[in-house]
Structure formats: structure tokens, C-alpha cells
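The following exercises concern a pocket and a bound ligand. Each task is followed by a worked solution.

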Amino acid sequence: MRFDCARNLLNSTAGSLFVVATPIGNLDDISTRALKVLREVKLIAAEDTRHSLRLMQHFGVSTPLASCHKHNERDASSRFIARLLTGDDIALIADAGTPLIADPGYHLVYQARAASINVVPIPGVCALIAALSAAGLSSDRFLFDGFLPAKTFARRARLRTLKEEPRTLIFYEAPHRILECLQDMELVFGGKRLALLARELTKTFETIKGLPLEELHAFVQDDTNQQRGECVVLVAGWTKLQNHNEVGSEAIRILDLLLKEMPLKCAVLLAAKITGLRRNALYQVALDKQQN
Ligand code: SAM
């Protein structure tokens, strides 16, 4: 097989490792080049061979599949490297989208490069890039933070580290955690910060909804359909201006509860500890409430 890429300082007798993006829903999104490579390589390393077998059958690709998932990747990689060193070309695919992006493949690519094997990206769909391209949020600089921790405490702690990040933030999230995720984002970033939910991209029920966090949270809470399917969450980067409005409705709810139980000063202190928000901002809200 001939490929038009430079192979300077690479092992010239070894095969190439092709990192191939596949669709995230709409099968028409596969590229002509991806199909050509998948048909011509000797082996396809796939995250879930049963899932990929159906995809390959759909495209009439009969190349053998071998599993490369997060539990066997380190061991399997050594076998793939040995095969590449015999001169065979191998393609790496994930269940959907671009391998290595919140998906297995890092160890294989690392080992391949360490062994001077030619690694060739075959670019295509990636959910975070698809979402960003349609979000209308600043896209010159962005920060992809993968999946947030599943547990509330750790999730809030992670969000706090990103609170004053000026770049657009992008997260992957599981549907059963989307509500908690938006609630915590509202709590930490403030309800006025602009955010966007990109759901079921390229599929029948594709939804792209951009709203301030408190409204987006309410929108998802009120419509259980929004709590299904695959989703990407984007949050506008921090700006000085937004910081003035940082106390969102979730923080106010917590402050209200505390104000009913204890003196103002204690309630503000505790609310600041729970939410991670500035004491001054919470104090101002508490004072306004008292005066009203
Ligand atoms: N490698 C993939 C990529 O290139 O985007 C990501 C794989 S990661 C295991 C799966 C996550 O990607 C999902 O939980 C969701 O956050 C996001 N995702 C995948 N497909 C999506 C879609 N069609 N619409 C929205 N988000 C999607």
C-alpha cells in the first residue's frame, strides 16, 4: 500500500498505524479516505468489535477486527506493534468519532511512535469539534476537559478550578448526569454565564440549545427528553464583566436555606464554603434579601 506522507526517520520496513475517525451518529459522515484505509489495512483495532463489525458490514468492509479497549489496551498494543513491525498496516477506530478523544488508543499510538512506526491520522468527526463549530461561542481558543468526575464533591472541585478560565470550556457528559452537571455548573460559574447543550449531534433528535446556565438547567429539568442521548456541554469563558453576576439561582437557593437556619454572617460563610463563590458577592445578595 502506498501512502503520500513523509516517512523521515521512521522504520521503513514496518507497516503504518492509521488512526481513523468514524461517524458519531449519521453514517454518511464517514470519509472516502477512511473507507479506503479500512478496506486496505490488514487489521482493524476496534474498541468494541461487535459494535464495529455492524458498522463495517454496513460499509462492506471485510477486514478482520481485533479488540483494543481501555481494559486490554496496554497488552493488546504490544501485539499490534509486533504485527506492525512485520510490515502489516493496522487501522485504529473507536466506537464513534475520533480515537483517543475520550476513547482508547493513547497507549497504542504512544508505543507506535516510540517504535518509529508511521502513525497517520485519518481525520473526521469529533463530537466536541462538531458542537463547537455550531455553538456561536468563542472558538479561537478553547479548553476540552473531557468527562467531569461522577461524584458531586469532585465535580464541583474540578469546576472551581475552571471558574476563571477565559477560554470556552467543553465537556462530555453522560445523559444520566446531565442535570447534576448543569446544576453544579450554575452553582460554580453563576446562573448568568452562557452555556450550550449539544445533544444527539448528527442524529434524528439533534438539539443545540444555548442559554444562560440557570435557564439551560431549567430547560433540561423541565423536559426529560433533554436528559436522554449523548451530549456535549459548552460554557462561555470567564470575563470580568460576568463576574459581577456570579451568584446564580442555585447559590441563592442554598443561601436562602441557610439564612432560615442561622445568622446572616454564618449563612454567608457557609454558603461560600459550599458554593466556592466569593463571600463578598454572597454577602451583598444576603443583605439585599434582608433589606427587601
Ligand atoms: N471519540 C468521540 C469523539 O470523537 O467525540 C468521543 C467518545 S466519548 C466515549 C463519548 C462522548 O462523546 C459522549 O458521552 C458524548 O459526551 C460525546 N458524544 C458522542 N457522540 C455524540 C453525539 N452524537 N452528540 C453529542 N455528543 C456526543
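**Exercise 1.** Determine how much space lies in the largest pocket of this predicted model, and state which residues and elements line the pocket.

*Solution.*
Step 1. The volume of the largest pocket comes to about 460 Å³.
Step 2. Its lining consists of 24 residues; those nearest the centre are Ala 96, Ala 127, Phe 147, Tyr 172 and Glu 230.
Step 3. Two or more lining residues are contributed by each of strand E7 (168-173), strand E8 (194-199) and strand E10 (231-235).

**Exercise 2.** Classify the lining residues of the largest pocket by character and by domain.

*Solution.*
Step 1. By character, the lining comprises 14 nonpolar, 8 charged and 2 polar residues.
Step 2. By domain, at least three residues come from domain 1 (7-125), and at least three from domain 2 (128-235).

**Exercise 3.** Identify the residues that come nearest the ligand, list polar contacts with the ligand, and state what share of its area the protein buries.

*Solution.*
Step 1. The ligand is surrounded by 19 residues, with Thr 98, Asp 103, Ala 127, Tyr 172 and Cys 231 coming nearest.
Step 2. Consider the ligand oxygen contacts: a polar side-chain atom of Tyr 172 lies 2.6 Å from an oxygen atom, and a polar backbone atom of Thr 98 is 2.8 Å from an oxygen atom.
Step 3. For ligand nitrogen, a backbone N or O atom of Ile 24 lies 3.1 Å from a nitrogen atom.
Step 4. The protein buries 91% of the 570 Å² that the ligand exposes when taken alone.

How values were computed: Residues are numbered from 1 along each chain as its sequence is written. This is a predicted model: local features need pLDDT of at least 70, side-chain atom pairs count only at pLDDT 80 or more; totals for chains, interfaces and linings use all residues. Side-chain values use heavy atoms; hydrogens and water are left out. On a 1 Å grid over the protein atoms alone, a cavity is a set of points where a 1.4 Å probe fits but cannot get out, and a pocket is an open set with protein on both sides within 12 Å along at least five of seven lines; lining residues have an atom within 4 Å of a point. Grid points are joined across faces, edges and corners, and a volume is the space filled by probe spheres set on the points. Helices (H or I, at least four residues) and strands (E, at least two) are DSSP runs, numbered from the N terminus. Ala, Val, Leu, Ile, Met, Phe, Trp, Tyr, Cys and Pro count as nonpolar, Asp, Glu, Lys and Arg as charged, and the others, Gly among them, as polar. Domain bounds come from an automatic or database domain assignment. A residue is near a molecule or strand if one of its heavy atoms lies within 4 Å of it. A polar contact is a pair of N or O atoms within 3.5 Å; within protein, one must be able to donate a hydrogen and the other to accept it, and residues adjacent in sequence count only if both atoms are side-chain atoms. Accessible areas come from the Shrake-Rupley method with a 1.4 Å probe; for residues, only the protein chains shown count as cover.
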